[in-house]
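Biologist: Could you take me closely through the metal site of this protein, and then outward from there into the strands and side chains around it? I would like one connected account rather than a list.

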Amino acid sequence: MPIFVIQKHYARRTHYDLRLEMNGVLKSWAIPKEPPTKPGIKRLAIEMEDHELSYADFEGVIPEGMYGAGKVEMWDRGEYEMDEKEDGELAFFLRGKKLNGRYCLVRFEKDKWFFFRC
Ligand SMILES: [Mn+2]
């Protein structure tokens, strides 16, 4: 089963980086507010560049002066199972410690998506 991680990133603005293993890379979205554990809350998720699979284990501090400077800590991780996949619309089951259940990512603008329990 493919993996997912959510890294809490204390950058200039604290956010959560959701990463899904897909086609040998980590597809990535930055979520400005805490990811929802319950239905009824939609979070903005901004699509970011793909990361290498090895980045899934990264925790530590990105030094001052580098892009994304600040502390990175693991917020949640586990496996996931894709349920439905269309262009701009993903539904999948997350099996993490904090996030567990069916989640959707739906694109509404070029690189802007909504992330929510569905
Ligand atoms: Mn980040």
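Modeller: What follows starts at the metal, moves to the pocket, and then goes through the neighbouring strands and the core.

Please keep in mind that this is a predicted model, and that the distances below are computed from its atoms.

The manganese ion has three protein donor residues, namely His9 through ND1, His15 through NE2 and Asp17 through OD, and these atoms lie 2.2 to 2.3 Å from the ion. Along the chain the donor residues follow the spacing H-x5-H-x1-D. Asp17 is placed in strand 2, and its relative accessibility is 7%, so it counts as buried, the limit being under 20%. His9 is buried as well. Besides serving as a donor to the manganese ion, Asp17 has side-chain polar contacts with the two histidines: one of 3.3 Å to the side chain of His9, and one of 3.2 Å to the side chain of His15. Once neighbours within four places in sequence are set aside, the residues in contact with Asp17 are Val5, Ile6, Gln7, His9, Trp29 and Ala30.

Two of the donor residues return when one turns to the open space in the model. The largest pocket holds about 570 Å³, and of the 24 residues that line it, those closest to its centre are His9, Ala11, His15, Tyr67 and Gly68. Strand 1, strand 2, strand 3 and strand 4 each supply at least two residues of this lining.

From strand 4, which covers residues 43-52, Glu47 is worth following in some detail. Glu47 and Asp17 are 30 residues apart in sequence, while their C-alpha atoms are 9.7 Å apart in space. Glu47 has a relative accessible area of 29%, and it is therefore classed as partly exposed, since that value falls between the 20% limit for buried and the 50% limit for exposed. The side chain of Glu47 forms a polar contact of 2.9 Å with the side chain of Trp113. Leaving out residues up to four places away in sequence, Glu47 touches Ser28, Trp29, Arg107, Lys110, Asp111 and Trp113.

Ser28, one of those contacts of Glu47, belongs to strand 3 and is buried, with a relative accessibility of 2%. The side chain of Ser28 makes a polar contact of 2.9 Å with the side chain of Arg19, and a polar atom of the Ser28 side chain also lies 3.1 Å from the backbone oxygen of Leu26. Beyond its neighbours up to four places away in sequence, Ser28 touches Leu18, Arg19, Ile46, Glu47, Met48, Glu49 and His51.

Leu26 itself is found in strand 3, and at 0% relative accessibility it counts as buried. Its C-alpha is 7.7 Å from that of Ala56, although the two residues are 30 apart in sequence. Apart from residues up to four places away, Leu26 touches Arg19, Leu20, Glu21, Asp50, His51, Glu52, Leu53, Tyr55 and Ala56.

Trp29, which is in contact with Asp17 and also with Glu47, leads on to the nonpolar interior. The largest nonpolar core has 19 residues, of which Leu18, Leu20, Trp29, Phe92, Leu94, Leu105 and Phe115 touch the most other members. Strands 1, 2, 3, 6, 7, 8 and 9 each give two or more residues to this core, and strand 2 has the largest share, with four residues. In soluble globular proteins, nonpolar side chains tend to be buried together. Within this core, Leu105 shows how several strands come into contact with one residue: with neighbours within four places left aside, its contacts include Leu18, Leu20, Trp29, Phe92 and Phe115, and also Ala45 and Trp113.

To finish with strand 7, Arg95 has its place there and is partly exposed, with a relative accessible area of 40%. The side chain of Arg95 makes a polar contact of 3.4 Å with that of Asn100, and the C-alpha atoms of Arg95 and Gly78 are 5.4 Å apart across a sequence separation of 17 residues. Beyond residues up to four places away in sequence, Arg95 touches Phe4, Arg77, Gly78, Glu79, Asn100 and Gly101.

Terms used
Residues numbered from 1 in each chain as written. Predicted model: local features only at pLDDT ≥ 70, side-chain atom pairs only at ≥ 80, totals over all residues. Heavy atoms only, no water. Donors = N, O, S within 2.8 Å, 3.2 Å for Na, K, Ca; no water. Buried < 20%, exposed > 50% of the residue type's maximum accessible area, 1.4 Å probe, protein only. Contact = heavy atoms within 4.5 Å. Polar contact = N/O pair within 3.5 Å; in protein donor to acceptor, adjacent residues only side chain to side chain. Core = buried A, V, L, I, M, F, W, Y, C linked by side-chain atoms within 4.5 Å. 1 Å grid on protein atoms, 1.4 Å probe; cavity = no way out; pocket = protein on both sides within 12 Å on 5 of 7 lines; lining within 4 Å. Points joined across faces, edges and corners; volume = space filled by probe spheres on them.
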